[in-house]
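Q: Could you take me through the main nonpolar core of this one, and how the helices around it pack? I'd like a close look at that part rather than a tour of everything.

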Amino acid sequence: MNKVKHITVTNSYLSQFKTCNAKGNFIYHDLYSDKQSPALLFGIRFHEEAARFYRNQGRKWQSYPSPVKYSEEHFSTIMANYVKNYADEPSEVSMVEQTIVVKLSDRVSYKGTIDIATKSGVVRDHKTTGYVANWAKENLEPSMQLMGYCWLYAQATGQWPSAYEIDLISTDPKDIDKGKLFSRLAVDVEPELLDDWKKETLFFVEQTVIPTIEHGIYTRSGAPKTCNEWGGCPFKPVCTRPLSYQPEILASFLKSSNNSEKIFVEFADALPMLS
């Protein structure tokens, strides 16, 4: 058994485990590689170049060859337009790609990297996407990532963010001609949501992530929707698809592992949504 003494989680880590904790375990603990998509590589490159722009106070910016699928000219055009569009902003920032780690409990820590924070307390997250228009039409609700980063900012600075903004950057070449490369969306966040986020995150780590690592108990492994979406899970050849992915088996394990009756009942009620 892999006994977990302490674990540090990130938003990506939690998101992967919530989608399929078997896949999360393969990627983060069994160390199987998960091939990075061109879109993800593009986003990584943009974050690196945007950080360079802000750290140099807008005075310097150097183009690098872009990931496959996106031409260097396309990537450079997007960056040049971004620099021009937000030329006055570097002098207003207080954090650039700042990684923060804070304990949620003696056993669990949360780590995140804040893309941008301004001197006025605005926390800003860069999102590269081919669907800027669709993002802008949605009624955005505070996400787990958003809440986590606001919590990290509050822990690091001692104050709640004055605002949270999502910086949308289009990867669609058609948007260059349309002049719709960028969109900035504000998301309302209430400070009282902080305690709920912390409790929910700790609960998920203690009741799903750690049992997965220690006992190989899977809540969604083998579920057709999870295994077959987006062209199929790359870990199908190595996934054992154990019977323990069934909710009733996980519920039985939790009930017998010295958890309070109240916690068990609450978690058991939520299990059908995970199966």
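A: Sure, let's start in the middle. This is a predicted model, and its largest nonpolar core has 37 residues, of which Ile-7, Val-9, Tyr-13, Tyr-110, Tyr-164, Val-205 and Val-209 touch the most other members. Several elements give two or more residues to this core: strands E1 (7-9), E2 (93-103), E3, E5 (163-170) and E6 (182-187), along with helices H1 (11-19), H6 (144-157) and H8 (193-215). H8 supplies the largest share, 8 residues.

Val-9 is a handy place to zoom in. Setting aside neighbours within four places in sequence, Val-9 is in contact with Leu-14, Val-108, Ser-109, Tyr-110, Lys-111 and Val-205. Apart from the largest core lies another one, of 18 residues, including Tyr-54, Tyr-86, Val-96 and Ile-169.

Now for the helix packing. The axes of H1 and H8 come within 11 Å and cross at roughly 65°, so the two helices are roughly perpendicular to each other. H1 passes H8 in a left-handed crossing. On the H1 side the contact is made by Tyr-13, Leu-14, Phe-17 and Lys-18, and on the H8 side by Thr-201, Phe-204, Val-205, Val-209, Thr-212 and Ile-213.

How far to trust the coordinates? The chain averages a pLDDT of 75, with 69% of the residues scoring at least 70. Among its elements, E3 (residues 108-118) has the highest mean pLDDT, 94, while helix H11 (residues 261-274) has the lowest, 33. Over residues 257-275 the pLDDT is below 50, although this stretch has 21 contacts in the model beyond near neighbours in sequence. Where pLDDT is low, the predicted coordinates should not be read in detail.

Definitions and conventions
Residues are numbered from 1 along each chain as its sequence is written. This is a predicted model: local features need pLDDT of at least 70, side-chain atom pairs count only at pLDDT 80 or more; totals for chains, interfaces and linings use all residues. Side-chain values use heavy atoms; hydrogens and water are left out. pLDDT is the predictor's confidence in each residue, from 0 to 100. Helices (H or I, at least four residues) and strands (E, at least two) are DSSP runs, numbered from the N terminus. Contact means heavy atoms within 4.5 Å. A nonpolar core is a set of buried Ala, Val, Leu, Ile, Met, Phe, Trp, Tyr and Cys residues joined through side-chain atoms within 4.5 Å. Buried means under 20% relative accessible area, exposed over 50%, partly exposed in between (1.4 Å probe, protein chains only). Axes are lines fitted to C-alpha atoms, for helices over the stretch in contact, and angles run from 0 to 180 degrees between N-to-C directions. Angles under 35 degrees count as roughly parallel, over 145 as roughly antiparallel, 65 to 115 as roughly perpendicular and the rest as oblique. A crossing is left-handed if the near helix is turned anticlockwise from the far one by less than a right angle, and right-handed if clockwise.
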